[in-house]
Amino acid sequence: MMRFTSILFLTLLVISNVRCSAQKASSNHSKSNKSGIITGADQTEKYLPYLKGKRIGLVANQSSIIGKKSSVDSLLSLGIKIVKVFGPEHGFRGNASNGAVVGNEKDAKTGIPIISLYGKNEKPTKEQLADIDLMVFDIQDVGCRYYTNINTLEYVMDACAENNKELLILDRPNPNGYVVDGPVMTEDKYKSAIGIHYTPMTHGMTIAEFAQYLNGEGYLKKQCKIKIIKVANYNHDLPYVLPINPSPNLNTQQAVMLFPSLCMFEGTAINEGRGTYMPFTILGAPALKGKYSFSYKPVSIPGMSERPNHKDAVCYGLDLRNYDINKLRKSRQIDLSWLIELYNAYPDKANFFTPGRANQNISAFDLRIGTDQLRKQIIAGVSEADIRKSWEPGLQKFKAIRAKYLLYP
């Protein structure tokens with residue numbers, strides 16, 4: 001009887017320690033977040049018991065944190081068995097450039113196998129999931145169709161559904177959750193690695209909301225069984241400062257907020273700050289010399305951008321590092337004026353929109369935007385008001401669909 005009592009006491013002590021650690025991590029992060037927002041990952045008391053005793057596959061990168069510590073390290077220290085980590089674009093540690101091929105490896109710190117989900121192996125295989133009881137998705141997104149984390153989400157959900165694995169989603173706020181804007185992609189021919197969903201350029205959903213959208217709108221052959229740990233004290237209009245850079249070229253909060261508007265320039269002759277330590281906050285090109293006084297020179301930066309547009313050439317254009325982001329929040333729109341302005345200022349208009357790389361028959365700009373209409377409208381000199389008016393039918397239809405899957409006001 002005494003032996004049984006001792007074992008029971010030790011068991012209760014372990015459970016108590018796990019709960020205390022979980023509550024401490026959640027409490028510390030909550031205190032550090034002025035808005036009171038608590039991510040799904042930080043609410044460890046809500047999901048640790050569900051993970052205990054299971055072999056876990058974790059879809060994560062450098063943005064996956066509990067408090068200020070990597071989710072992988074935190075969960076391991078709390079007795080969770082992580083058998084594999086799956087990394088999206090930029091890799092598990094987030095140190096690979098955009099579009100760079102990331103191979104499979106072992107994490108130097110933990111020895112856990114890391115499976116790359118960017119490149120040829122976009123979707124976990126049956127063999128990779130064989131020794132996993134539960135998949136966990138914990139990655140920070142920024143709310144744009146051309147930010148590839150939502151592609152990874154679909155591929156993971158598809159693999160889980162096919163192999164009868166449940167997916168636990170630790171939800172995180174969308175820093176651009178206030179805006180649903182831009183053309184809606186409607187044709188399969190515009191699908192590419194930077195866009196596979198029939199959404200506007202900015203969809204205004206969190207990862208968990210987007211997962212429900214994927215399940216409900218028939219993107220998967222078979223629905224994925226998902227369990228969601230919601231963000232506490234969050235709504236789509238709340239500002240949220242990311243505690244960790246979500247990718248190498250979104251290295252400031254200003255860049256995160258400008259990304260929906262400035263990433264459009266990646267399909268043009270304009271450099272959007274890649275090749276500098278100010279990406280997605282500045283715009284320019286050599287051909288704009290004499291039209292703008294602000295200048296900078298893109299160079300090769302390993303781990304950020306090895307081959308930036310206009311490498312080693314002085315670019316002239318716009319400095320948006322001090323642009324008031326509240327203007328975007330008040331308008332609830334992406335900024336289209338910069339695209340129109342720089343097109344009008346560019347001397348060689350025939351070469352402003354760059355040809356396609358993946359598909360030579362489709363402009364790289366059109367693949368990013370999801371349609372050829374915006375390019376044609378800008379070339380034709382259509383006003384911003386009329387361009388936006390042409391977006392409205394698609395946006396209203398999408399918003400009605402989106403409303404069915406929202407978890408937050």
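Here is a short walk through the chain, from its sheet to its cores and three of its helices.

First, a reminder: what you're looking at is a predicted model. The chain holds 12 helices and 12 strands. Of its 409 residues, 57% count as buried. Take the contacts between residues at least 6 apart in sequence: 72% of them join residues at least 24 apart.

**The sheet**

Let's start with the strands. Seven of them form an open sheet, in the order β5-β6-β4-β1-β7-β8-β9, and the pairing is mixed. The edges belong to β5 (105-106) and β9 (226-229); each has a single partner strand, so one side of each has no neighbour in the sheet. Further in, β1 (residues 55-60) pairs with β4 (residues 81-87) in the parallel sense, over five bridges. You can find V59 opposite F86 of β4. As background, strands of a sheet pair through backbone hydrogen bonds, either parallel or antiparallel.

Two helices lie across this sheet. Helix α5 (residues 149-162) crosses β1, β7 (134-138), β8 (166-170) and β9, and runs at about 170 degrees to β7. Helix α6 lies across β7, β8 and β9, at about 160 degrees to β9.

**The cores**

The largest nonpolar core has 87 residues, and L167, M264 and L374 have the most contacts inside it. Helix α5 gives the most to this core, with seven residues. What does L167 touch, leaving out residues up to four places away in sequence? Its partners include L134, F137, L153, V156, C224 and I226. There is also a second, separate core of 21 residues, with A41, I56, I80 and V136 among them. In soluble globular proteins, nonpolar side chains tend to be buried together.

**Three helices up close**

Two helices can be checked for length, using 1.5 Å a residue:

| Helix | Residues in helix | Expected span | Span between end C-alpha atoms |
|---|---|---|---|
| α5 | 14 residues | 20 Å | 20 Å |
| α12 | 19 residues | 27 Å | 25 Å |

Now for α5 itself. Since 13 of its 14 residues are buried, α5 is largely enclosed by the rest of the structure. E162 lies in this helix. Is E162 buried or partly exposed? Its relative accessibility is 42%, so E162 counts as partly exposed. E162 and C224 are 62 residues apart in sequence, yet their C-alpha atoms are 8.2 Å apart in space. After α5 comes N164, with a positive phi near 55 degrees.

Helix α7 (residues 253-262) is mostly covered too, with nine of its 10 residues buried. Among the buried ones are V256, L258, F259 and P260. The buried residues of α7 pack against β10 (282-285), α8 (326-331) and α9.

Last up is α12 (residues 384-402), whose end-to-end distance agrees with the expected span. Where does α12 kink? The kink, of about 40 degrees, is at E392, shortly before the proline P393. The buried residues of α12 are I387, R388, W391, L395, F398 and R402. To see how such residues can line up, remember that an α-helix has 3.6 residues a turn, so residues three or four places apart point the same way. The cover over the buried residues of α12 includes α6 (207-216), α9 (337-345) and α11 (373-380).

Technical notes: Residues numbered from 1 in each chain as written. Predicted model: local features only at pLDDT ≥ 70, side-chain atom pairs only at ≥ 80, totals over all residues. Heavy atoms only, no water. Helix = DSSP H or I, 4+ residues; strand = E, 2+ residues; numbered from the N terminus. Expected span 1.5 Å × (residues − 1). Bend = angle between axes of the 7 residues up to and from the residue. Buried < 20%, exposed > 50% of the residue type's maximum accessible area, 1.4 Å probe, protein only. Contact = heavy atoms within 4.5 Å. Pairing = 2+ DSSP bridges. Axes fitted to C-alpha atoms, helices over the stretch in contact; angles between N-to-C directions. Core = buried A, V, L, I, M, F, W, Y, C linked by side-chain atoms within 4.5 Å.
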